[in-house]
Amino acid sequence: MGSTHEISESGNKPMEENEKVDLSSPPQYEGVAVGEMKLTDEERHIYESGVQKFSRLGWKRLTVVLIVEAVALGSLSIPSSFATLGMVAGVICCVGLGLIAIYTSHVIGQVKLKYPHIAHYPDAGRLIMGRFGYILVYIMLGLELLFLTGSHALTGTIAFVTISESNVCSVVFGVVSAIILLLLAVPPSFTEMAILGYIDFVSIIAAIGITIIGTGISATSSPGGLSSVNWSAWPKDDITFSDAFIALSNIIFAYSFALCQFSFMDEMHTPKDYIKSIWALGITEITIYTLTGALIYAFVGQDVRSPALLSAGHTLSRVAFGIALPVIFISGSINTVVLGRMIHGRIYRDSPIRFINTKMGWFTWLVVITVATILAFVIAEIIPFFSDLLSICSALFVSGFTFYFPAVMWFMLIREGDWTSPKNLGLGALNLLCFLIGIITLGAGTYASVNDIILNYQHGSVRGVFTCANPS
């Protein structure tokens with residue numbers, strides 16, 4: 001064996017774009033302290049290569065990765081939420097919840113800067129509630145990422161069924177979607193994933209644009225023109241509690257980017273630049289969601305479908321889904337990568353293998369993401385209806401990651417100074433509001449989603465589990 005080297009524990013160190021990593025004080029990886037590890041020359045080389053590979057993310061690429069992870073399926077569910085809530089409430093919810101999501105994301109960034117060893121959301125859970133908090137958040141994040149990947153597998157199935165118009169069993173298309181998601185999840189670095197993000201962003205903007213233009217032309221050319229479209233400024237007359245909360249939960253789902261922020265920031269070479277990314281992403285999301293929801297609802301009316309691309313008409317829906325394929329699969333694979341990094345880093349927390357640049361590292365990485373993709377496919381087949389799947393994700397998990405967990409972090413980890421100071425009183429009230437939004441969404445949203453799923457199965461309005469009927 002070669003000589004050994006001592007590597008001391010250290011937090012993430014900001015660096016310039018072209019600066020080499022200082023290996024005498026290397027950043028932590030996966031939130032685990034390196035400690036006093038003794039490494040051989042070969043292991044040190046692996047470690048150095050890993051640090052170089054996983055410390056290259058700048059704020060611009062972080063913005064791209066966040067957009068890829070966030071502006072995807074959420075935008076496709078917004079128009080149907082507008083149809084349920086009405087134009088006024090739809091716009092207010094899109095803008096208001098978007099601004100709150102930007103703030104809670106800012107809190108997460110502050111926590112990461114104050115506690116650099118946090119690599120994933122579960123590490124923050126440990127700071128709040130000890131080992132129980134770590135396990136709870138770990139399970140929640142793992143399930144949420146599986147549900148997200150499953151929702152992309154379901155959307156891929158819907159897309160292939162719509163595009164092909166064939167008699168092929170939809171389960172087959174589900175398997176094809178899962179395989180594509182798996183292949184795109186093979187690169188383990190978010191910097192590498194960011195390169196695909198540019199294709200992803202163009203894809204979703206083009207698909208939404210085609211849907212808006214197509215529905216607009218159809219509405220203006222119909223008898224009576226735009227004035228004949230049955231949209232309303234107010235909630236629909238026969239709205240039920242479940243309908244209202246599913247619609248609200250779908251908007252909340254659209255702002256779910258906070259759950260991966262710790263993971264993304266852990267790969268940044270200058271973590272303090274996160275603030276530029278979340279504002280760029282937040283304004284982009286609010287603009288896209290509000291315009292998409294308002295315009296498609298105004299052009300289609302109460303008959304708008306979910307995903308919204310189905311509302312573009314027979315031919316244009318096929319074209320829109322074809323263009324949306326990159327965003328469906330690239331965004332979905334991001335969730336698998338985050339889950340894989342979390343699990344892989346946990347397995348090899350005291351070994352250079354965690355850097356995924358050795359044969360053993362690559363083997364176990366492929367096993368982890370394959371198992372995750374299979375589980376996500378099963379979820380997509382068990383809950384094969386789009387709005388309810390997004391809604392239950394939002395109620396069970398996004399409510400915490402985007403709202404009540406950041407609020408608790410502010411109270412326990414970030415707040416400084418006297419409670420009676422004007423700043424703390426104002427921020428305290430804001431964080432209490434965030435906490436209440438999260439808790440109400442958790443309780444009422446879960447009830448509404450489960451109730452609607454039960455009713456859908458009872459009424460036979462959705463296909464059965466692992467059947468060939470078209471998903472919806």
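How many helices and strands does the chain have? I counted 14 helices and 2 strands. I kept in mind throughout that this is a predicted model.

**Confidence**

I looked up pLDDT before anything else. The chain averages 82, and 81% of its residues reach 70 or more. I then went through the elements. Helix 4 (residues 87-114) has the highest mean pLDDT, 95. Strand 1 (residues 5-7) has the lowest, 36. Residues 1-37 stay under 50, yet the model gives them 95 contacts beyond four places in sequence. Residues 47-55 are also below 50, with 37 contacts beyond near neighbours in sequence. Where pLDDT is low, the predicted coordinates should not be read in detail. I left both stretches there.

**Whole chain**

I noted 472 residues, of which 59% count as buried. The exposed area is about 18100 Å². Carbon and sulfur atoms supply 68% of that area. Next I checked contacts with a separation of 6 or more. Residues 24 or more positions apart account for 83% of them.

**Cores**

Which residues touch the most other members of the largest nonpolar core? I found Tyr121, Tyr255, Phe401 and Met409, in a core of 104 residues. Helix 5 (residues 121-164) gives this core its largest share, 18 residues. A second core is separate and has 6 residues, including Leu182, Ala185, Val337 and Ile369.

I followed Phe401 further. I set aside its neighbours within four places in sequence. Phe401 then contacts Ile108, Tyr121, Val137, Met140, Leu141, Glu144, Ala258, Leu259 and Pro406. Tyr121 is thus on the contact list of Phe401, and both are among the residues that touch the most other core members.

**Met342 and Met360**

Is Met342 buried or exposed? Met342 has 4% relative accessibility, so I logged it as buried. Met342 sits in helix 11 (residues 314-347). I also took a C-alpha separation: Met342 and Pro122 are 9.2 Å apart, although their positions lie 220 residues apart along the chain.

Met360 reads otherwise. Met360 belongs to helix 12 (residues 359-382). Its relative accessibility is 43%, so Met360 counts as partly exposed. I found Met360 in a nonpolar surface patch with Phe363, Val367, Val371 and Leu375. The patch covers about 450 Å².

**Salt bridges**

I found 4 salt bridges in the structure. I wrote up three.

Glu416 and Lys114 meet through their side chains at 3.9 Å, N to O. Their positions are 302 residues apart. Glu416 is in the loop between helix 13 (386-414) and helix 14 (422-459), while Lys114 is in helix 4. Glu416 is exposed because its relative accessibility is 58%. Lys114, at 39%, is partly exposed.

Glu165 and Arg318 form another salt bridge, at 3.5 Å, N to O. This pair also links distant parts of the chain, 153 residues apart. Glu165 lies in the loop between helix 5 and helix 6 (170-184), and Arg318 lies in helix 11. I logged Glu165 as partly exposed, at 42% relative accessibility. Arg318 is partly exposed too, at 30%.

Asp273 and Lys276 pair at 3.8 Å, N to O. Which partner is buried, and why? Asp273 is buried, because its relative accessibility of 17% is under the 20% cut-off. Lys276 has 40%, so I entered Lys276 as partly exposed.

Note on methods:
Residues are numbered from 1 along each chain as its sequence is written. This is a predicted model: local features need pLDDT of at least 70, side-chain atom pairs count only at pLDDT 80 or more; totals for chains, interfaces and linings use all residues. Side-chain values use heavy atoms; hydrogens and water are left out. Patches are made of residues with over 30% relative accessible area and no salt bridge: like charges are joined within 9 Å, nonpolar side chains (Val, Leu, Ile, Met, Phe, Trp, Tyr) within 5 Å. Accessible areas come from the Shrake-Rupley method with a 1.4 Å probe; for residues, only the protein chains shown count as cover. Helices (H or I, at least four residues) and strands (E, at least two) are DSSP runs, numbered from the N terminus. Buried means under 20% relative accessible area, exposed over 50%, partly exposed in between (1.4 Å probe, protein chains only). A nonpolar core is a set of buried Ala, Val, Leu, Ile, Met, Phe, Trp, Tyr and Cys residues joined through side-chain atoms within 4.5 Å. Contact means heavy atoms within 4.5 Å. pLDDT is the predictor's confidence in each residue, from 0 to 100.
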